[in-house]
Structures are given as C-alpha cells and as structure tokens.
Amino acid sequence: MYRQMFLARALDRRMWVLNRQGKAPFVISGQGHEAAQVGAAAALRPGVDWVCPYYRDLALCLAMGMTARDFMLSVFARASDPNSGGRQMPSHFGLKSARIVTTSSTVATQVLHAAGIAYASKLRGLDEVSLACLGEGSTSKGDWHEALNFAGVHRLPFVCVVQDNDYAISVPHRLQMGVDSVAKRAAGYGMAGETVDGGDILAVYEAMQRAVERARSGAGPTLIDAKVARFTSHSSDDDQRRYRPQEELEALLRRDPIERFRNYLLDERVVDEPADERLQQECAAEVEEALAVAEQADPPSADDLLENLFGDQASSPVGGDVPAKPAEGS
C-alpha cells in the first residue's frame, strides 16, 4: 500500500514537470488523495470488482492493476495506451483487464455507470462490487443523485467514495452544501453513510471493508465521505493562490498522507530507513523507465480515428456505406 501511494506521487510530480516543459498539455493531480484511494482499493478484488474512477484516481488505478507505463502512455497520447489508444485526455482512466471503466470529462456520470453495473451484477447473481469515486463538488450534479437513489431503491452492491478536498475548483465546501459531510445525505437514499479521515489509509481501508462486506452480503450500498487535502491547483490551467490563503496551503502540506503512513510504518518497525530509501529509488526508476518508453512510442494513426466510436463501424453512416432503408412493414 505504501509503495502504491509513493509511486502515484512520483508519477504525479513527474507529470507536472512534463507539463511545465510543454510535453504534457494538461495535468490534473491526485496529490493528497493517495491514502483514500489506495485504502479503498485494498478492500476490493482487482479484475473481479468494478471501478468507475474520476480524474484524480491515479493511485486507485495503480492499486487496481494499472502500471506506470500504462499511465505515461496516456499522458503522451500513444497508440499503445491501454486507457484509450491515445484518444482520451490524461487521467481519463480505463483498463479492461482490471475492470476500470473508462470515463469522460463530464463529472458524475461515472456514478450512474457504477450503479448500472451493480444492478447487472445483482440480476446475474454475481459476487461483484462496483465502486464509484468523485469529488464533493460533483455531488451537486443530478447524475449523482439519480445514481444514489437507484442504488438505494434496489439495494445494490455499490460503494460511492467522495474524495472531499473542500474545493470544487475554487468554490469551498461551505458554499456547495449545507451539511459538513456528504455522508449525511446517505439517509435520504436509504443507504449507510460514513465519514472518514481520508489522510489515514488504515481508517479508509477499514471503512471500505465494512462497505464491501455490506455490499457482498446483500445489505445494500454505502456512501463514504473521505476528507482529503488537495495539494495542487485544480488542474494545470488553474492557480489556487488566487482563492486559497498561503497559510491554508502550508497547513495542508503538514497533513501529507504519505508522510503519515511512512512514520507509522517506521514506528511500528514494518520498514526501516534503508528499506524506505530503496523503495523510493525503485519508484523513481520505474517512473523514468515509463517516461522513456512513452516518449519513444508511436502516436495513434489517423486510419483508426473512428475505432470505438460505433458498435458496428462497417454499417454506420460515418464508417461505411449508409444502411439501406428498411422495407415497408419490416
């Protein structure tokens, strides 16, 4: 778990450098969210359970089976990018083998997808859980309310983790909703709700374990509000210094979830300083190897531009001949 958190942070930081160098046109960060994401993933079964992530979920996706190389290929929009073949923006995650369902730039729609998958799993009698993640700002979208209402009505094997970093781009939590925790809304949908310190990876893991056990047993869905810190601006196109006081930002950095977990592991003698140093060096080397591969990889070809846009490209008006008009009465 510690290695997954550290690798995610190393990749995230490298991506910001690439952006400033003009090599990565757009960056959106998960720095400060790593404990919430890795803690949640640890309670799931990769390749069995379903994940509908949002754009900050790099650590979650790494913990579920994505590699540093997979991610870098998406940053550089290469043809071998398993997320989308270089057709999506960075951080629009998707990995079929790990059951990470690709998302779009429209926030909160992935929650509907997760609820639909959970409904299908229940109808088929499959032992699967669906996880949806999003920020607290996205809970103001109608899609989120519809998905949670559906999940509650049908008591679906569904977990929604809200990574509450207190800002919807520049709008603070207090101007988004009249409750101090999104989890308080769970009762309105007939599901369990829990607020957890999203900077404490073990607390998140325990909360997620309870939610997953509830889902697998048929006891219904859970809404988890994980309180996290957003260390960076909303994206590389934003400047949070315009709306966040400097002292607030400095206080956030003192709550680094990776440092908290590192200190815990050192105190409990799970790792020692030399082992920690080796892990950090291994992660740094993995990032640089992924970067080298991605930079040299081929871009996608214009010849397959329309792939995956239509279910049957050969019979679509864009991908081939216009289908014949159906016979009268058919």
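This is a short talk on the pockets, cavities and helix contacts of one predicted model.

I'll start with the open spaces. The largest pocket has a volume of about 200 Å³. Its lining consists of Asn-83, Ser-84, Arg-87, Gln-88, Thr-102, Leu-305, Glu-307, Asn-308 and Leu-309. If you sort that lining by class, you get 5 polar residues, 2 charged and 2 nonpolar. The nonpolar ones are Leu-305 and Leu-309, and the charged ones are Arg-87 and Glu-307.

Next comes the second largest pocket, with a volume of about 170 Å³. It is lined by 13 residues, and the closest to its centre are Tyr-55, Gly-137, Ser-138, Ala-168 and Ile-169. The classes here are 6 nonpolar, 5 polar and 2 charged. So much for pockets.

Now the closed spaces. How many cavities of 30 Å³ or more does a search of the whole structure find? There are 3 of them. I'll go through two.

The largest cavity has a volume of about 70 Å³. Going along the chain, its lining takes in Tyr-54 and Tyr-55, then Ser-91 and His-92, then Thr-103, Ser-104, Ser-105, Thr-106, Val-107 and Ala-108, and finally Gln-110. Tyr-55 also appeared a moment ago, among the residues closest to the centre of the second largest pocket. There is no charged residue in the lining of the largest cavity, which has 7 polar and 4 nonpolar residues.

The second largest cavity holds about 50 Å³ of space. Which residues line the second largest cavity? They are Gly-32, Asp-197, Gly-198, Gly-199, Lys-227, Val-228, Ala-229, Arg-255, Pro-257 and Arg-260. Here the split is 4 charged, 3 polar and 3 nonpolar. The charged residues are Asp-197, Lys-227, Arg-255 and Arg-260. Please keep Pro-257 in mind, as this lining residue comes back later.

On to helix packing. Two packed helices are described by the angle between their axes and the distance between the axes. I have three pairs.

The first pair is helix α1, residues 2–20, and helix α2, residues 34–41. Their axes come within 10 Å and cross at roughly 135 degrees, which makes α1 oblique to α2. The crossing of these two is right-handed. On the α1 side the contact is made by Gln-4, Met-5, Ala-8 and Arg-9, and on the α2 side by Glu-34, Ala-35 and Val-38. By class that contact has 4 nonpolar residues, 2 charged and 1 polar.

The second pair also involves α1, this time with helix α9, residues 257–267. The axes again come within 10 Å, with a crossing angle of roughly 150 degrees. The crossing of α1 and α9 is left-handed. From α1 the contact uses Tyr-2, Met-5, Phe-6 and Arg-9, and from α9 it uses Pro-257, Ile-258, Phe-261, Arg-262 and Leu-265. Pro-257 is the residue I asked you to remember from the lining of the second largest cavity. Met-5 and Arg-9 of α1 take part in the contact with α9 as well as in the contact with α2. The α1 and α9 contact divides into 7 nonpolar residues, 2 charged and no polar.

The third pair is helix α5, residues 109–124, with helix α6, residues 142–154. They pack at an angle of about 20 degrees, and their axes are 7 Å apart. Why is α5 called roughly parallel to α6? Angles under 35 degrees count as roughly parallel, so α5 gets that label against α6. The crossing is left-handed. In α5 the contact residues are Thr-109, Val-111, Leu-112, Ala-115, Tyr-119 and Lys-122. Opposite them in α6 are Asp-143, Trp-144, Glu-146, Ala-147, Leu-148, Phe-150 and His-154. The classes in this contact are 8 nonpolar, 3 charged and 2 polar.

That is the end of the talk.

Methods: Residues are numbered from 1 along each chain as its sequence is written. This is a predicted model: local features need pLDDT of at least 70, side-chain atom pairs count only at pLDDT 80 or more; totals for chains, interfaces and linings use all residues. Side-chain values use heavy atoms; hydrogens and water are left out. On a 1 Å grid over the protein atoms alone, a cavity is a set of points where a 1.4 Å probe fits but cannot get out, and a pocket is an open set with protein on both sides within 12 Å along at least five of seven lines; lining residues have an atom within 4 Å of a point. Grid points are joined across faces, edges and corners, and a volume is the space filled by probe spheres set on the points. Axes are lines fitted to C-alpha atoms, for helices over the stretch in contact, and angles run from 0 to 180 degrees between N-to-C directions. Helices (H or I, at least four residues) and strands (E, at least two) are DSSP runs, numbered from the N terminus. Angles under 35 degrees count as roughly parallel, over 145 as roughly antiparallel, 65 to 115 as roughly perpendicular and the rest as oblique. A crossing is left-handed if the near helix is turned anticlockwise from the far one by less than a right angle, and right-handed if clockwise. Contact means heavy atoms within 4.5 Å.
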